[in-house]
Amino acid sequence: MRTVTVTLTGAAGIYGGLVLYREYFVKAQYTGNEQLFGKTAIVTGANTGIGKEVAHDFARRGARVIMACRDMKKCEQTREKIVADSFNTNVACRECDLSSIESIKRFADDINQNEKSLHLLINNAGVMWHPSKLTKDGFEQHLGVNYLGHFLLTNLLIEKLSTCSPSRIVNVTSPMYKRGQIDFDDLNISKKVFNPKIAYEQASLAIVLATQEFCRQYPGSGVIANCVNPGITRTEIARHTIDKSIISRVIIGPALKAFMKTPMQGAQGVIQCALDPQLEGQCGKYFNDMKEEAIAPNATNEKEAKRLWLISERWTRLNK
Ligand SMILES: NC(=O)c1ccc[n+]([C@@H]2O[C@H](COP(=O)([O-])OP(=O)(O)OC[C@H]3O[C@@H](n4cnc5c(N)ncnc54)[C@H](OP(=O)(O)O)[C@@H]3O)[C@@H](O)[C@H]2O)c1
């Protein structure tokens, strides 16, 4: 009995120590106090996780915030919390399912026709290690939601962003891009055995390649685009992996939590990339833990980026 008590006390102590460590040492926080009155920001996947914290932060700074979500009920619940906490009523929910070209086009049309301005586009929504499933338009889920959906959205909103320049796009990605490969012969991973890890890596790499290509496609537009890795953050992103079983949810999940950032901490790099005046004019960069990091060699091939861009235009029927 005594051994059990000592073990449990020791484990609790270590766990508490890790939580304190995370709270006081890992928490790099963006300290800029830029105000956003008169500015409009779109945040995709803003109903939970990192996107929710980014939307919340922008609302506190006075922005008009458009929460682009696929589930209007969840969106509205979060919107109410953000409004109550920030005292900013200028926060709106708009439907945008990034797995559907039709939904993205409807959303972008609404923004282009009805919003006076647009200064910030935060391409945050995403899935990780999703089981094999095609989007409504027949794209592999990671490629379709994390990359192609945001590719289309960005291109449909570029004129609006450019008119309101200087404006910024932040593309949230993952360091898994470094292990990624773009399989041009099988972008949908349908010819080989499906591996969700490989699908997530490919989509993460596609985001980094396309962010750099964006800067070459739209020079002089007054719109900059950069990539951010939020770091390992305890959100709902693991819903298709460790959060699936009860044991994971009850034991592994909480244990891992001690090592992870809170969603608010995970959001800091995104907020910095959207607001930091020192980043003005910087385009196609990758930020990790709020510091710029050299892009890995597998993501610097211009030819590959251009090829991916052209395929993405065709697949999303951008020019029709
Ligand atoms: N958390 C991490 O450790 C970590 C690490 C590296 C990179 N990231 C990246 O950070 C971003 C935010 O993730 P998170 O950690 O905040 O995860 P999360 O809590 O799971 O949030 C993901 C958001 O994306 C939305 N989403 C998923 N599929 C969508 C679709 N088809 N259309 C529109 N929205 C959709 C979700 O909406 P529903 O709630 O309706 O599903 C949710 O709002 C992702 O791009 C992720 O890849 C996260």
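These notebook entries record what I looked up in one protein structure.

**Entry 1: the whole chain**

I noted at the outset that the model is predicted. I counted 9 helices and 8 strands in the protein. Of its 320 residues, 53% count as buried. I then looked at contacts with a separation of 6 or more, and found that residues 24 or more positions apart account for 78% of them. For the surface, I recorded an exposed area of about 15500 Å², of which carbon and sulfur atoms supply 55%.

**Entry 2: the cavities**

I looked next for enclosed spaces and listed 3 cavities of 30 Å³ or more. The largest has a volume of about 150 Å³. I found 16 residues lining this largest cavity, and those closest to its centre are His150, Phe151, Thr154, Asn171 and Ala210. I then asked which elements each supply at least two residues of the lining. They are the helices α5 (141–163) and α6 (196–217) and the strand β5 (167–172). Helix α5 gives the largest share, 6 residues. I also sorted the lining by class: 9 residues are nonpolar, 7 are polar and none is charged.

**Entry 3: salt bridges**

I reminded myself that side chains of opposite charge can pair when their charged atoms come close. The structure holds 18 salt bridges, and I examined several of them.

The first pair I opened was Lys136 and Asp97, whose closest N and O atoms are 2.7 Å apart. I placed Lys136 in the loop between β4 (120–123) and α5, and Asp97 in the loop between β3 (91–95) and α4 (101–114); the two are 39 residues apart. Is each partner buried or exposed? I found Lys136 exposed, with a relative accessible area of 61%, whereas Asp97 counts as buried at 14%.

I turned to Glu280 and Arg168, which form a salt bridge at 3.1 Å, N to O. Glu280 lies in the loop between α8 (263–275) and β7 (286–288) and Arg168 in strand β5, so this pair ties together parts that are 112 residues apart in sequence. I recorded Glu280 as partly exposed, at 43% relative accessibility, and Arg168 as buried, at 6%.

A further pair joins Lys192 and Asp186, with 3.6 Å from N to O. Here Lys192 is partly exposed at 36% relative accessibility, while Asp186 is buried at 5%.

Finally, I asked which residues are joined into one network by salt bridges that share partners. I found Glu213, Arg216, Glu302 and Lys306 in such a network.

Notes: Residues are numbered from 1 along each chain as its sequence is written. This is a predicted model: local features need pLDDT of at least 70, side-chain atom pairs count only at pLDDT 80 or more; totals for chains, interfaces and linings use all residues. Side-chain values use heavy atoms; hydrogens and water are left out. Helices (H or I, at least four residues) and strands (E, at least two) are DSSP runs, numbered from the N terminus. Buried means under 20% relative accessible area, exposed over 50%, partly exposed in between (1.4 Å probe, protein chains only). Contact means heavy atoms within 4.5 Å. Accessible areas come from the Shrake-Rupley method with a 1.4 Å probe; for residues, only the protein chains shown count as cover. On a 1 Å grid over the protein atoms alone, a cavity is a set of points where a 1.4 Å probe fits but cannot get out, and a pocket is an open set with protein on both sides within 12 Å along at least five of seven lines; lining residues have an atom within 4 Å of a point. Grid points are joined across faces, edges and corners, and a volume is the space filled by probe spheres set on the points. Ala, Val, Leu, Ile, Met, Phe, Trp, Tyr, Cys and Pro count as nonpolar, Asp, Glu, Lys and Arg as charged, and the others, Gly among them, as polar. A salt bridge is a side-chain nitrogen of Lys or Arg within 4 Å of a carboxyl oxygen of Asp or Glu.
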